Amino acid sequence: GTESGEPDALAIYVVQLLCVRYEQGQLDEIDGLIEQTAEDNPGLPAFKALLALAHCELGRDEDARQLIEGSASEHFDDLPDDLLWLTALTTWADVAGRLRLAGPAADLYERLRPWGDQIVCNGATTWGAVARLLGVLATTLDRYDDAEAHFTRAVEIHERVGAALFLARTRLGWAEMLLERGQEGDAERARA
């Protein structure tokens, strides 16, 4: 792609490789490549969000926290209204949920709520139903009934389109929410 003159070929390759390595639990293999791509593409803030997600996955929460604070301080208004907008917001949502950041989670929840029935797809990657990330955010905000409704919707969407990987991620997030909520019967439901 690069030899043909496509200026985004390497960035597209990196994000697709990131998706595969993320699901394999092998982001450590391309950590430097993700960081370099984020640095080389400052006009694509979605790469900064992906770098923060990689930091979370690799146990570098403080590095991820520093990255999200920049966008969060502007209430995520720094994200351009482009093809990567929804990818960036949902990636930040995943980061905010992992780091348990209520302030950013509240901002992201309000921004993403109108898109709850959508699937995140930017032409190069797919990240599943927005409803799943709304469930993660609602859990972070201790809004467990809302979280349950969002996870239910995400399961419906993922089952309908046959997205087994995203269905598994949804069920995992739902189980984590049930364990956190801790009502009678939640532990048994989480195990199921």
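The exchange below goes through several assignments in a predicted model and asks what each one rests on.

Biologist: Why is Asp 82 called partly exposed?

Modeller: Asp 82 has a relative accessibility of 33%, and since the class runs between the buried limit of under 20% and the exposed limit of over 50%, Asp 82 counts as partly exposed. Asp 82 sits in the loop between α4 (61-73) and α5 (85-99).

Biologist: What makes the approach of the Asp 82 side chain to the backbone nitrogen of Leu 84 a polar contact?

Modeller: The side chain of Asp 82 reaches that nitrogen at 2.9 Å, and the cut-off for a pair of N or O atoms is within 3.5 Å, so the pair satisfies the distance condition.

Biologist: How do you know that Arg 111 and Asp 77 form a salt bridge?

Modeller: Their closest N and O atoms are 2.1 Å apart, and the rule asks for a side-chain nitrogen of Lys or Arg within 4 Å of a carboxyl oxygen of Asp or Glu, so the pair qualifies. The pair links distant parts of the chain, with Arg 111 in helix α6 and Asp 77 in the loop between α4 and α5, 34 residues apart.

Biologist: Which exposure classes do Arg 111 and Asp 77 fall into, and why?

Modeller: Arg 111, at 25% relative accessibility, counts as partly exposed, whereas Asp 77, at 54%, counts as exposed because the limit for that class is over 50%.

Biologist: What makes Asp 146 and Arg 143 a salt bridge?

Modeller: The closest N and O atoms of Asp 146 and Arg 143 are 3.1 Å apart, which falls within the 4 Å limit, and therefore the pair is counted. Asp 146 is partly exposed at 32%, and Arg 143 is partly exposed at 30%.

Biologist: How many salt bridges does this rule give, and which residues are linked in a network?

Modeller: The count comes to 20 salt bridges, and Asp 145, Glu 148, Arg 181, Asp 186 and Arg 189 are linked in a network of them.

Biologist: How do you know on which side of α6 the buried residues lie?

Modeller: The buried residues in α6 are Pro 104, Ala 105, Leu 108, Tyr 109 and Leu 112. They cover an arc of only 135° around the axis, which puts them on the same side of α6. Their cover includes α4, α5, α7 (130-140) and α8 (144-161).

How values were computed. Residues numbered from 1 in each chain as written. Predicted model: local features only at pLDDT ≥ 70, side-chain atom pairs only at ≥ 80, totals over all residues. Heavy atoms only, no water. Helix = DSSP H or I, 4+ residues; strand = E, 2+ residues; numbered from the N terminus. Buried < 20%, exposed > 50% of the residue type's maximum accessible area, 1.4 Å probe, protein only. Polar contact = N/O pair within 3.5 Å; in protein donor to acceptor, adjacent residues only side chain to side chain. Arc of directions from axis to C-beta. Contact = heavy atoms within 4.5 Å.
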